[in-house]
Amino acid sequence: MQYLLTFRSLTYAQRASRVLERAGVTGTVSRVPKAAATRGCAYCVIVAARNRDWAVNLLTGAGLAPERTILRHPDGTLEVSE
Amino acid sequence: MIYLDSAATSFLKPATVRYAVSEAMRTMSSPGRGGYESAMRAADTLLDCRLALADLFCVRDPAHVVFTSSATHGLNIAIRSLVKPGDRVVISGYEHNAVWRPLHGLGADIRVARAPLFQPEDMVQAFRELLPGAKAAVCTQVSNVFGYILPVERIGSLCREQGVPLIVDAAQSAGTVGLDFDALGCAFAAMPGHKGLLGPQGTGVLLCRDEAAAPLFYGGTGSQSQEAFMPEFLPDRLEPGTHNVPGVAGLLAGVKWLQQRSCPAILAHERELLGEFCKRLAGADNVRLFRAEDPQTQAGVVSVQVDGMDCEEAAAKLAERGIAVRAGLHCAPLAHETAGTLSSGTVRFSFSPFNTRREALTAAEALLALA
C-alpha cells in the first residue's frame, strides 16, 4: 500500500520530495488521480505506507505539511484519510 | 567587437548558459502539465533555479521566487500589487521608465526623491522627507545610467519605520551588488535574468515578500484548475501560461557560474576595469566622466560626455571602431534630469565579468581619439 501526500502546488510537492530524499526515503512526485483532485489538477508525493507518519512529521517540521494524505490500496482504490 | 553594453544585456555569457538552453530545448517539455519524464525534468530545473536564486538573494521561501519575462514585467506586477490610482508613491530620482511609466499609467501621485549623483546621505534625506503618507516606495539599487549604488538598505529601513512597502529595482545590481531580501524587508525586488545574472533574454525574476501579489496575467497554472480564480499561492499565482523553460535553464547555468565566482569578486573586477578606463581618460579636458569620488558608491557602469559632440554621434563613431556602447537617455529620463544631463544625454560604458583590462584601455583610447 502507498500513501499519496498532496500539496498545493507542484513546487511544494517537489520540495517535499527532496526533503524526503535527503532523509533517505523515496518520495516520488506524481499527479493526483483525478478522482481525488477536488479542485482540479494537483500534485502529490507517493511514499510507502510504512513511512507515512514519519514522512508527514518530517515535512510538517520543514514547513511543507501535506494538504491531505490519501491511502492507495493495491487494487488502486483511494481512501482519503486527511 | 569590444562589448561594453552589459548594462543593456549580458551579451557575453558563460558557455554553460548556451549549452543549458540547448539541452533544455532537447530534453524538457512543459512543467506542471504532466507527470512524464520530460515534464518533470523541466519542473526540476525550475525548482533548482528557484533554490539557487533564493540562496543568492537570501529568500527564505523559494516558492516566493517568481519567474517573469523581464524586470519590467516584475516591476509592473509589484507596482500593480501595491499602488492604486491617486496613491502617493515615492521614487528615487534615478528610476527607469520601467518604474516611471507604470506609475504614470496607473495615475499615481508620484513624488520624486531627488539628490545629486553619488550622494547617498542626501538621497536618504530626500526619502525621509517624502515618505510620510506614501502608500509605496520604489528605489533602484544601481542607476542604469551612472552606476550609482543607491543606499537601499537605509531607504528600506526608513520604509519599515514608516510602514511603507518598498519595491527594489535590482535590474542593474543583481549578480554584482549584494541584495539580502529577507534582511532588507522590502515587499518586492525585481530583476532581469539576462543582465548580471547572465541568463538568456526573455527571463526575469520577481522576489515576493508575501502571497498577496496581484496577478498581471490570468490563465492556466497546472494547479487548482477547476477554479475560476488564480491560485492564492506562489509561484503559481503569478506564473500562468507555459514557462520559458530553456530560458530558466540558461538562467540557472548563469547563476551557478556566478555562485562559483562570487558576486563581490565580479563587482571588484568590473570596478577595476572602470578604474583603469577612467584613469586613462582623467587627463582629457574635453571628456566629462560621471565618476564617484567614493568608488564604493559606483558599480561597473560609467557615463561620459565628449565636449562638442552629440552622444549618439560619439557612440556611432565608437561602433565604427568596434566598440559597442549605448548613448542617449537609456530609458531613464528621470536619472538624466536629476543629474542635469537630460538635454544632452550621455554615452554609457558598462563592464562585465568577461571584459579585460586591455578592452577597457582600448575603449578609453578610442574615446580619446574622438575628443
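**Exercises on chain B of a predicted model**

Gln224(B) is buried, as 21 other C-beta atoms lie within 10 Å. Keep this residue in mind; it returns in Exercise 4. The model is a predicted one, and the exercises below walk through it step by step.

**Exercise 1. The two domains**

Find the domains of chain B and describe the side of domain 1 that touches domain 2.

Solution. Start with the bounds: the domain assignment gives domain 1 as 2-11 + 263-370 and domain 2 as 15-261 of chain B. Next, take the spacing, which is 26 Å between the C-alpha centres of domain 1 and domain 2 of chain B. Then look at the contact, to which domain 1 of chain B gives 30 residues and domain 2 of chain B gives 32. On the domain 1 side, the elements that give two or more residues are α9 (263-281), β10 (301-306), α11 (333-339) and β13 (346-350) of chain B. Finish with the classes: this side of domain 1 of chain B has 15 nonpolar, 11 polar and 4 charged residues.

While you are looking at contacts, turn to the two chains. Chain B gives 17 residues to its contact with chain A, and chain A gives 14. The chain B side divides into 7 nonpolar, 7 polar and 3 charged residues.

**Exercise 2. The largest nonpolar core**

Work out where the largest nonpolar core lies and which residues have the most contacts inside it.

Solution. First, the count: the largest nonpolar core has 150 residues, and Ala137(B) and Ile167(B) have the most contacts inside it. Second, helix α2 (residues 37-57) of chain B gives the largest share of this core, 11 residues. Third, both domain 1 (2-11 + 263-370) and domain 2 (15-261) of chain B give residues to the core, so it lies between them. Last, take Ala137(B) and set aside its neighbours within four places in sequence: its contacts are then Val89(B), Val90(B), Phe127(B), Leu131(B), Cys159(B), Val164(B) and Leu166(B).

**Exercise 3. A helix pair**

Describe how α2(B) and α8(B) cross, and name residues that make the contact.

Solution. Two packed helices are described by the angle between their axes and the distance between the axes. Here the axes of α2(B) and helix α8 (residues 245-261) of chain B come within 9 Å, and they cross at roughly 35 degrees. The handedness comes next: the crossing of α2(B) and α8(B) is left-handed. From α2(B), the contact residues include Ala42(B), Leu46(B), Cys49(B) and Leu53(B); from α8(B), they include Val245(B), Val248(B), Leu252(B) and Val255(B). By class, the contact of α2(B) with α8(B) has 12 nonpolar, 2 polar and 2 charged residues.

**Exercise 4. Unusual backbone**

Examine the backbone at Gln224(B), at Cys331(B) and between Leu234(B) and Pro235(B).

Solution. Begin with the background: most residues other than glycine have a negative phi, and most peptide bonds are trans. Gln224(B) is not a glycine, yet its phi is positive, about 45 degrees. Gln224(B) is found in the loop between β8 and α8 of chain B. Pro235(B) lies in the loop between β8 and α8 of chain B too, and the peptide bond from Leu234(B) to Pro235(B) is cis, with omega near 0 degrees.

Now Cys331(B), also not a glycine, has a positive phi of about 55 degrees. Cys331(B) lies in the loop between β12 (326-328) and α11 of chain B. It counts as partly exposed because it has 16 C-beta neighbours inside 10 Å.

**Exercise 5. Buried or partly exposed?**

Classify Leu216(B), Leu179(B) and Val301(B), then list their contacts, leaving aside neighbours within four places in sequence.

Solution. The cut-off for buried is 20 or more other C-beta atoms within 10 Å.

- Leu216(B) has 16 such atoms, so it is partly exposed. Its contacts are Asn76(B), Ile77(B) and Arg80(B). Leu216(B) and Arg80(B) are 136 residues apart in sequence but 7.8 Å apart in space, C-alpha to C-alpha.
- Leu179(B) has 23, so it is buried. Leu179(B) lies in the loop between β6 (166-169) and α7 (181-184) of chain B, and its contacts include Phe57(B), Gln141(B) and Ala189(B).
- Val301(B) has 26, so it counts as buried. Val301(B) is in strand β10 of chain B, and its contacts are Ala7(B), Phe146(B), Gly147(B), Gln172(B), Arg348(B) and Ser350(B).

Notes: Residues are numbered from 1 along each chain as its sequence is written. Chains are lettered from A and ligands numbered from 1 in the order in which they are written. This is a predicted model: local features need pLDDT of at least 70, side-chain atom pairs count only at pLDDT 80 or more; totals for chains, interfaces and linings use all residues. Domain bounds come from an automatic or database domain assignment. Two residues are in contact if their C-beta atoms, placed from the backbone, lie within 7 Å. Helices (H or I, at least four residues) and strands (E, at least two) are DSSP runs, numbered from the N terminus. Ala, Val, Leu, Ile, Met, Phe, Trp, Tyr, Cys and Pro count as nonpolar, Asp, Glu, Lys and Arg as charged, and the others, Gly among them, as polar. A nonpolar core is a set of buried Ala, Val, Leu, Ile, Met, Phe, Trp, Tyr and Cys residues joined through C-beta atoms within 7 Å. A residue is buried if 20 or more other C-beta atoms lie within 10 Å of its own, exposed if 12 or fewer, and partly exposed in between; C-beta atoms are placed from the backbone. Axes are lines fitted to C-alpha atoms, for helices over the stretch in contact, and angles run from 0 to 180 degrees between N-to-C directions. A crossing is left-handed if the near helix is turned anticlockwise from the far one by less than a right angle, and right-handed if clockwise.
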